[in-house]
Amino acid sequence: MQPFTIKISKIIDENTSIKTFYFDYNLKSQPGQFVMLWIPDVDQKPFSISFDDGKTFGLTVFKRGPLTEKLFELNLGDRVGITGPFGTSYSIKPDYHYYMVAGGYGAAPLGNLAERINGAKIDFIVGARSHDLLLFEDRLKKIPNLNLHITTDDGSAGTKGRVTDVLEKLLENQNDDKRILVTCGPELMQTAVLALANKYDTKCEVSVERHMKCGFGVCGQCVVDDLGICTCMDGPVMSRTIANQIFELGKYHRDKTGNIIKF
Amino acid sequence: MLNTTFLNKQFKNPIVLASGILGVTGAGLANIIKIGAGGVTTKSISLEPREGHKNPVMMGNDHFFLNAVGLSNPGIENALPEIAKLRSLTDAPIIGSIFAGTAEEFGVVAEKICTGPIDFLEVDISCPNVGAEFGRPFAYSTEAVETITKIVKTKSTVPVIMKLSPNAWNIAEIAKAAESAGADAITAINTAAGMMIDIESRQPVLSNKVGGVSGPALFPIALKCVYDIYKAVKIPIIGTGGITTGRDGIAMIMAGATLLGVGSAMYYNKGTCFSKITAEMEEFMKAENITSLEEIRGTAH
């Protein structure tokens, strides 16, 4: 579990505040899993894996604090410390019809999942505040059997409005017996997707984000009420059955001290 | 077979979750009971909330585990509802752990935590990872241990357990000082000071640079400390440090421990960690015709 130090092999600017960093390393990850990224003397935090083809993996990073600011200053060939992959992953069921619902940088693990399911029919609904913040539009358009639905808060691309409105229309109008909803993004969006999964009695997998210190089930920081299970090991990807038992989902999370913060 | 009485309280087995591991929330601690522990110790709680050190705060390999979390906790006022939640979810014994920067503050936190439904109070005077903030751990000085034990005893409504450090060269003497000041039990040991360096980046791995060693590497050190303390005092001992197997647990009982603190084993064996240790202990006891742990306690002496 000691960090392995690897070099950045490619950097892609996704938009003004998001970059994808690639590393030539066989991470052996599954879609939905995450790694801890460490820059000595700065910090270490969890990042979901947005690409992995067995030779190269990618992390799509939003610039928002000291660690990511430092990461954005790094160049090709600079090194970072990685531990992982950690956590659970999304189901891969090529005979299912996938409804993928991504909000903001929630597109990172779902884009990775969409690229790695061969043959499944996919409706991919991606939402962002505005067109310039939309992630992976080009990557997603290249995936066969994938219908892309874009929503933006300001109407600058796709439909103006919420991803869940688009999702509900699709669920109402499409007839298929093997459906699965998978989602990643802001928690209130995910709980809305979960509510639709309950309403339409559909398989569903959500990705729960909580403050993590270790990533491997020891620190206890990411434990959820009342199940008492760790988001880092029993999540981040959780089934509809488990997610429905997480009392705090959509209500509160905890800060570094363990104190409750309401959504 | 593993039923254990510790200070007049019944434990279904002698394994208690050691302080610092998975002890942030009431629900998290209740889950530890569900997966097989006989009791739990909360993460150490202070008067005010603390964020702890920056990441990385813990790392491990096959031989040892290393951490410097920096005593992050929500502060006593916010921790009390978590302890109440824990009590609502389990009947198992609860050990509340506290720490403070001064003897007086230990008294204040002790008094406050005793308003919650705890069965025992563990006093953490031995964390090796906050030296920059608090100076040398109190557990290195017999005078400091006596002073803190006396103050906490006057404020506590439950039995008081003093948690000692293997970094003190005279741990048995320190245990004796705690006993003579009124301590009801000893937890031995906290982690041993250590570090880890990432040779590619040429930097310490932990943000705090140094941390506390636990896991298998700590076990023989803990065993010897418990052995020495058992000779020196009459009060019971929670033997803690590197226990990952049933054989480790049995050896610790033979050195003189009454309860067994288990923490880093969660890193090595995840969800099966407690049930694995208890199953292995029972298997050994059956093979050796041992009917109770009382029969073998301290037999290594």
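Reader: What makes Leu71(B), Phe99(B), Pro137(B) and Asn190(B) count as contacts of Cys127(B)?

Author: In this predicted model, two residues are in contact if their C-beta atoms, placed from the backbone, lie within 7 Å. Cys127(B) touches these four residues, Leu71(B), Phe99(B), Pro137(B) and Asn190(B), once residues up to four places away in sequence are set aside. Cys127(B) itself sits in the loop between β8 (120–124) and α4 (131–134) of chain B. The UniProt record, an unreviewed entry, gives the feature "active site" at Cys127(B).

Reader: Why is Cys127(B) called buried?

Author: The term requires 20 or more other C-beta atoms within 10 Å. Cys127(B) has 24 such atoms within 10 Å and is therefore buried.

Reader: Which positions does UniProt list under "binding site" in chain B?

Author: The unreviewed UniProt entry lists Ser19(B), Lys43(B), Ser44(B), Lys163(B), Ile189(B), Gly215(B), Gly241(B), Gly242(B), Gly263(B) and Ser264(B). One of these, Ser44(B), is found in the loop between β4 (39–41) and β5 (58–60) of chain B. Another, Gly263(B), lies in the loop between β16 (259–262) and α9 (265–269) of chain B.

Reader: How do you know whether Ser44(B) is buried or exposed?

Author: The count of other C-beta atoms within 10 Å decides: 20 or more makes a residue buried, 12 or fewer makes it exposed. For Ser44(B) the count is 25, so Ser44(B) is buried. Leaving aside neighbours within four places in sequence, Ser44(B) is in contact with eight residues that include Ser19(B), Leu71(B), Phe99(B) and Asp124(B).Reader: What makes Gly263(B) count as buried?

Author: Gly263(B) has 26 C-beta neighbours inside 10 Å. Set against the cut-off of 20 or more, this value places Gly263(B) among buried residues. Beyond four places in sequence, Gly263(B) touches Leu17(B), Ala18(B), Gly20(B), Ile21(B) and Ser214(B).

Reader: How many residues does each chain bring to the contact between chain A and chain B?

Author: In chain A, 30 residues are in contact with 34 residues of chain B. On the side of chain A that touches chain B, β4 (43–52) and β6 (79–86) of chain A each supply at least two residues. β4(A) gives the most, with three residues. By class, that side of chain A has eleven nonpolar, eleven polar and eight charged residues.

Reader: Why does the radius of gyration of chain A agree with that of a compact globule?

Author: The globule rule is 2.2 Å times the number of residues to the power 0.38. For 263 residues it gives a value near 18 Å, and chain A has 18 Å, so the two agree. Along the principal axes, the C-alpha atoms of chain A fill a box of roughly 50 × 40 × 35 Å. Of the 263 residues of chain A, 51% count as buried. Chain A has six helices and 15 strands.

Reader: What are the domains of chain A, and which residues join domain 2 of chain A to domain 3 of chain A?

Author: Chain A is divided into domain 1 (4–86), domain 2 (90–206) and domain 3 (208–263). Ten residues of domain 2 of chain A are in contact with nine residues of domain 3 of chain A. On the domain 2 side of this contact, α5 (187–199) and β12 (203–207) of chain A give two or more residues. α5(A) gives the most, with five residues. By class, the side of domain 2 of chain A that touches domain 3 of chain A has six nonpolar, one polar and three charged residues. The centres of domain 2 and domain 3 of chain A, taken over C-alpha atoms, are separated by 23 Å.

Notes
Residues numbered from 1 in each chain as written. Chains lettered and ligands numbered in written order. Predicted model: local features only at pLDDT ≥ 70, side-chain atom pairs only at ≥ 80, totals over all residues. Helix = DSSP H or I, 4+ residues; strand = E, 2+ residues; numbered from the N terminus. Nonpolar A, V, L, I, M, F, W, Y, C, P; charged D, E, K, R; others polar. Domains from an automatic or database assignment. UniProt positions renumbered as here; feature names shortened; annotations may be inferred.
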